[in-house]
Amino acid sequence: LTAAGLAVGACSSSGTTSSPQEDPYGLIQPGTLRVASIGDAKPYTFTDAQGEFTGFDVELFRDVARRMGITDVTFTGQDFTAILPGVANGQFDAGVAAIGITDQRRQTVDFSDGYLAGYLTVLTTPTSGVTSAASLAGKRLGVVQGTLQDAYAAKNFPDADLVRFPDNNAAVSALNGGSVDAHFLDYEAAKSYVQQFGLVDAEDIPSFDAPAGFAIAKGKTALRDALDENLHAAMEDGTWKRLYEKWFPGSPMPEQYLPSAERTGTP
Ligand SMILES: NC(=O)CC[C@H](NC[C@@]1(O)OC[C@@H](O)[C@@H](O)[C@@H]1O)C(=O)O
């Protein structure tokens with residue numbers, strides 16, 4: 001092969017584009033799903049002792065992907081603020097990290113249907129003097145930058161001193177070190193930190209109007225439709241319920257994601 005020949009060979013192999021049939025979902029690499037997540041929101045999404053991503057959201061997404069015929073799913077940890085831009089910019093096919101669906105976020109990305117509705121929790125220490133959301137005035141409150149907790153606290157706790165962190169680990173470390181009086185995060189993650197460090201859940205605030213969804217780039221209708229169809233299949237056959245009971249044992253179970261035969265409310 002001449003040098004030119006090698007050059008042409010290299011160029012044509014990297015230059016191929018797949019046909020819509022081979023890649024109906026418009027993925028970065030057909031047949032694989034690249035997912036942005038965060039590693040410290042146990043038991044939603046977290047990295048285990050082997051450094052593997054796992055948790056409720058991770059296992060639910062992997063199940064939905066398998067139903068779509070995709071088993072090659074890679075999760076990459078990011079700061080929470082980096083997830084939606086990374087999805088919008090096409091660096092990732094999806095964002096999966098208990099990401100609440102909001103109109104503001106829909107300006108940047110599209111979402112699957114919701115799959116988890118729960119609470120925002122004020123996590124504190126036994127000696128902080130924070131016993132409820134009302135007692136946050138004048139206290140230093142940690143939030144992860146860009147979360148619903150960040151926006152909620154800025155609006156509803158104007159007398160608290162907000163301290164923004166890149167992730168939960170940094171915030172909880174600051175809480176344990178005494179440089180913040182409380183941290184504002186998701187209920188199940190707060191419960192996990194309560195168990196790990198003997199911390200206190202001072203307040204649970206419903207966030208049912210912003211259920212978590214899978215974030216994808218805008219306009220990917222085939223991908224969104226496939227995620228929704230297979231997400232609802234996972235709910236209808238009881239997979240969602242099995243995963244919920246595995247990862248959130250004892251927690252109140254929202255019934256809108258149960259098999260239709262088990263839902264008592266209006267359809
Ligand atoms: N991974 C994170 O830190 C996400 C924090 C935060 N999660 C909120 C939420 O989606 O968590 C799962 C459920 O409880 C939803 O009701 C809730 O809005 C957010 O979307 O901003």
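The shell of residues around the ligand divides into 11 nonpolar, five polar and two charged ones. Keep in mind as you look around that this is a predicted model. Of the 18 residues in that shell, the ones that come nearest to the ligand are Ala97, Gly100, Leu148, Ser207 and Ala210.

Now let's look at some individual contacts. Start with serine 207: an N or O atom in its side chain is 2.7 Å from an oxygen atom of the ligand. Next, turn to aspartate 186, where a polar side-chain atom lies 2.8 Å from a nitrogen atom of the ligand. Alanine 98 joins in through its backbone instead, with an N or O atom 2.9 Å from a nitrogen atom of the ligand. All three distances fit the cut-off for a polar contact, which is a pair of N or O atoms within 3.5 Å. So how much of the ligand's accessible area does the protein cover? On its own, the ligand has 480 Å² of accessible area, and the protein covers 97% of that. As for where the ligand sits, the space it takes is the second largest pocket.

Stay with alanine 98 for a moment, because there's a twist in its backbone worth knowing about, and a rule of thumb helps here: most residues other than glycine have a negative phi, and most peptide bonds are trans. Alanine 98 is not a glycine, yet its phi is positive, at about 50 degrees. You'll find alanine 98 in the loop between strand E6 (94–95) and strand E7 (110–111).

The other half of that rule of thumb takes us to another loop. The peptide bond from lysine 42 to proline 43 is cis, with omega near 5 degrees. Where is proline 43? Proline 43 lies in the loop that runs between E2 and E3.

Those two strands belong to a sheet, so let's finish there. The sheet is open and made of three strands in the order E2-E3-E4, with antiparallel pairing. Strand E2 (40–41) and strand E4 (53–54) stand at the edges with a single partner strand each, so one side of each has no neighbour in the sheet. Zoom in on strand E3, which covers residues 45–47: E3 and E4 pair in the antiparallel sense over two bridges. You can pick out a bridge by finding threonine 47, whose bridge partner in E4 is phenylalanine 53.

Note on methods: Residues are numbered from 1 along each chain as its sequence is written. This is a predicted model: local features need pLDDT of at least 70, side-chain atom pairs count only at pLDDT 80 or more; totals for chains, interfaces and linings use all residues. Side-chain values use heavy atoms; hydrogens and water are left out. A residue is near a molecule or strand if one of its heavy atoms lies within 4 Å of it. A polar contact is a pair of N or O atoms within 3.5 Å; within protein, one must be able to donate a hydrogen and the other to accept it, and residues adjacent in sequence count only if both atoms are side-chain atoms. Accessible areas come from the Shrake-Rupley method with a 1.4 Å probe; for residues, only the protein chains shown count as cover. On a 1 Å grid over the protein atoms alone, a cavity is a set of points where a 1.4 Å probe fits but cannot get out, and a pocket is an open set with protein on both sides within 12 Å along at least five of seven lines; lining residues have an atom within 4 Å of a point. A molecule sits in a cavity or pocket if more than half of its atoms lie within 2 Å of its grid points. Ala, Val, Leu, Ile, Met, Phe, Trp, Tyr, Cys and Pro count as nonpolar, Asp, Glu, Lys and Arg as charged, and the others, Gly among them, as polar. Two strands pair if DSSP finds at least two bridges between them. Helices (H or I, at least four residues) and strands (E, at least two) are DSSP runs, numbered from the N terminus.
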